[in-house]
Protein chains: 2
Amino acid sequence: MPQDATAPTVLERPVQAGSTQLSGVEIGDLSGSLGFVLRICQLLAFDRFYRSGEPLPISAGEYSTLWTIGMNPGIRQGQLGTALFIKPAHMTKLIRRMEDQGFVQRVVPEDDRRAVCLSLTPVGEALIQRFRDTFFGRRAAEAEGLSPKELEEFLRLLRKYAGVTTRA
Amino acid sequence: MPQDATAPTVLERPVQAGSTQLSGVEIGDLSGSLGFVLRICQLLAFDRFYRSGEPLPISAGEYSTLWTIGMNPGIRQGQLGTALFIKPAHMTKLIRRMEDQGFVQRVVPEDDRRAVCLSLTPVGEALIQRFRDTFFGRRAAEAEGLSPKELEEFLRLLRKYAGVTTRA
DNA sequence: CGGATTTATTTTCCACGTAAACAATTTTTA
DNA sequence: TAAAAATTGTTTACGTGGAAAATAAATCCG
């Protein structure tokens with residue numbers, strides 16, 4: 001690990017007006033690091049999601065995965081992983097677990113026996129319908145601290161950054 | 001796990017104009033779930049960060065932690081964890097590892113021998129100075145897909161949501 | 001047409017991060 | 001003033017998620 005022995009022993013704080021804090025702790029330029037702030041926001045959203053409303057019987061990640069399979073019956077496992085940013089190794093285990101729970105069925109297509117095509121079972125469909133409002137209905141709690149207009153813009157920028165496309 | 005046997009076996013897609021997709025996969029209302037979109041953005045930012053520029057000799061998380069200690073010499077370990085959303089169990093191991101690497105020193109204050117106060121060593125200071133531009137200088141790559149104005153607004157909303165406070 | 005290469009998923013091992021329990025110390029309470 | 005409660009960080013066990021290697025199948029190329 002390269003070390004610069006000539007560096008001063010006291011950290012020179014970056015030149016900026018006043019202070020920038022998180023939970024009373026000075027973070028300076030870290031507040032301008034997109035990765036850092038996104039991580040804090042994601043952890044906060046996760047925390048708020050679980051602290052409000054009726055509990056889900058499965059994790060939010062599992063719900064999202066089932067939801068996406070429901071929206072795309074027959075979707076290939078690799079394609080699902082690409083869309084949801086879940087690596088193949090984990091997706092394999094996630095799908096196996098949800099298959100064991102009876103929510104998902106796997107079909108190996110005749111035209112490509114390497115692949116796995118996924119669909120929801122009736123039980124899986126029922127589950128995501130049953131908990132739809134539980135999952136989607138926490139906007140007020142999730143968006144604490146932002147006005148409705150700000151939340152709208154926030155989601156628009158998040159979607160744009162994420163590469164979510166919408167078309168009529 | 002509650003199941004509604006009367007639910008239809010085909011997922012009724014939500015009523016919305018057109019389609020909403022991610023990587024060519026239909027996600028529908030998932031694009032309105034703050035936690036979900038934040039997770040996607042965080043993974044994307046992380047991916048872009050590592051794919052661009054000179055590699056860091058430590059992880060981004062370790063750099064952020066060292067940076068924050070540098071901005072707050074003598075900070076209590078618990079307070080650091082609260083600010084960075086890192087649980088005590090993990091912070092203990094993280095700090096131990098960075099102490100072993102020579103970047104951090106731990107001092108148990110006389111007035112509260114339960115606590116641990118953290119500061120950077122000269123080696124730690126040198127490290128975060130040495131890689132400052134490597135860590136902070138990837139705005140262009142990180143913010144791919146957003147205009148400068150949008151990035152500014154994006155960061156403003158992220159900071160607001162995260163509870164970052166700024167004062168003169 | 002057979003071997004090489006690529007693709008898709010699975011398996012194994014491991015790191016990260018945390019829940020829960022624990023230990024030491026401080027503060028509170030009766 | 002001593003016991004109870006709370007605080008601070010540590011340790012242990014475990015779940016999540018992924019890197020790397022393996023396996024099976026499809027495609028490509030000479």
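1. In this predicted model, DNA strand D is surrounded by 18 residues, and the closest of them are A:H90, A:K93, B:G78, B:T92 and B:R106. On the side of the nucleic acid, sugar and phosphate account for 70% of the atoms of DNA strand D that come within 4 Å of the protein.

2. Three contacts with phosphate oxygens of DNA strand D can be looked up one by one in the structure. In chain B, a polar atom in the side chain of B:R106 lies 2.3 Å from a phosphate oxygen, and an N or O atom in the side chain of B:R76 is 3.5 Å from a phosphate oxygen. In chain A, by contrast, the contact of A:K87 is made through the backbone, a polar atom of which is 3.3 Å from a phosphate oxygen of the strand.

3. The elements that give two or more residues to the surface near DNA strand D are α4 (88-100) of chain A, together with α3 (77-84) and α4 (88-100) of chain B. Of this surface, α4(B) supplies the largest share, which amounts to four residues. By class, the residues of the surface near DNA strand D comprise nine charged, five nonpolar and four polar.

4. A second topic is the interface between the two protein chains, to which chain A gives 96 residues and chain B gives 95 residues. The two chains bury about 8700 Å² between them, and 66% of that area is on carbon and sulfur atoms. On the side of chain A that touches chain B, there are 51 nonpolar residues, along with 26 polar and 19 charged ones. Helix α1 (residues 34-51) of chain A contributes 13 residues to that side, the largest share.

5. Polar links also cross this interface, where 18 residue pairs are found in polar contact, with both residues at pLDDT 80 or more. Four salt bridges are counted between chain A and chain B. A reader who wishes to inspect an example may turn to B:R156 and A:E150, which form a salt bridge whose closest N and O atoms are 3.3 Å apart.

6. The two chains are further joined through strand pairing, since strand β6 (residues 165-167) of chain A and strand β1 (residues 19-22) of chain B pair in the antiparallel sense over three bridges. Within this pairing, A:R167 has B:S19 as its bridge partner in β1(B).

Note on methods: Residues are numbered from 1 along each chain as its sequence is written. Chains are lettered from A and ligands numbered from 1 in the order in which they are written. Side-chain values use heavy atoms; hydrogens and water are left out. Contact means heavy atoms within 4.5 Å. Buried area is the accessible area (1.4 Å probe) that two parts lose on being put together, summed over both. A salt bridge is a side-chain nitrogen of Lys or Arg within 4 Å of a carboxyl oxygen of Asp or Glu. A polar contact is a pair of N or O atoms within 3.5 Å; within protein, one must be able to donate a hydrogen and the other to accept it, and residues adjacent in sequence count only if both atoms are side-chain atoms. Ala, Val, Leu, Ile, Met, Phe, Trp, Tyr, Cys and Pro count as nonpolar, Asp, Glu, Lys and Arg as charged, and the others, Gly among them, as polar. Two strands pair if DSSP finds at least two bridges between them. A residue is near a molecule or strand if one of its heavy atoms lies within 4 Å of it.
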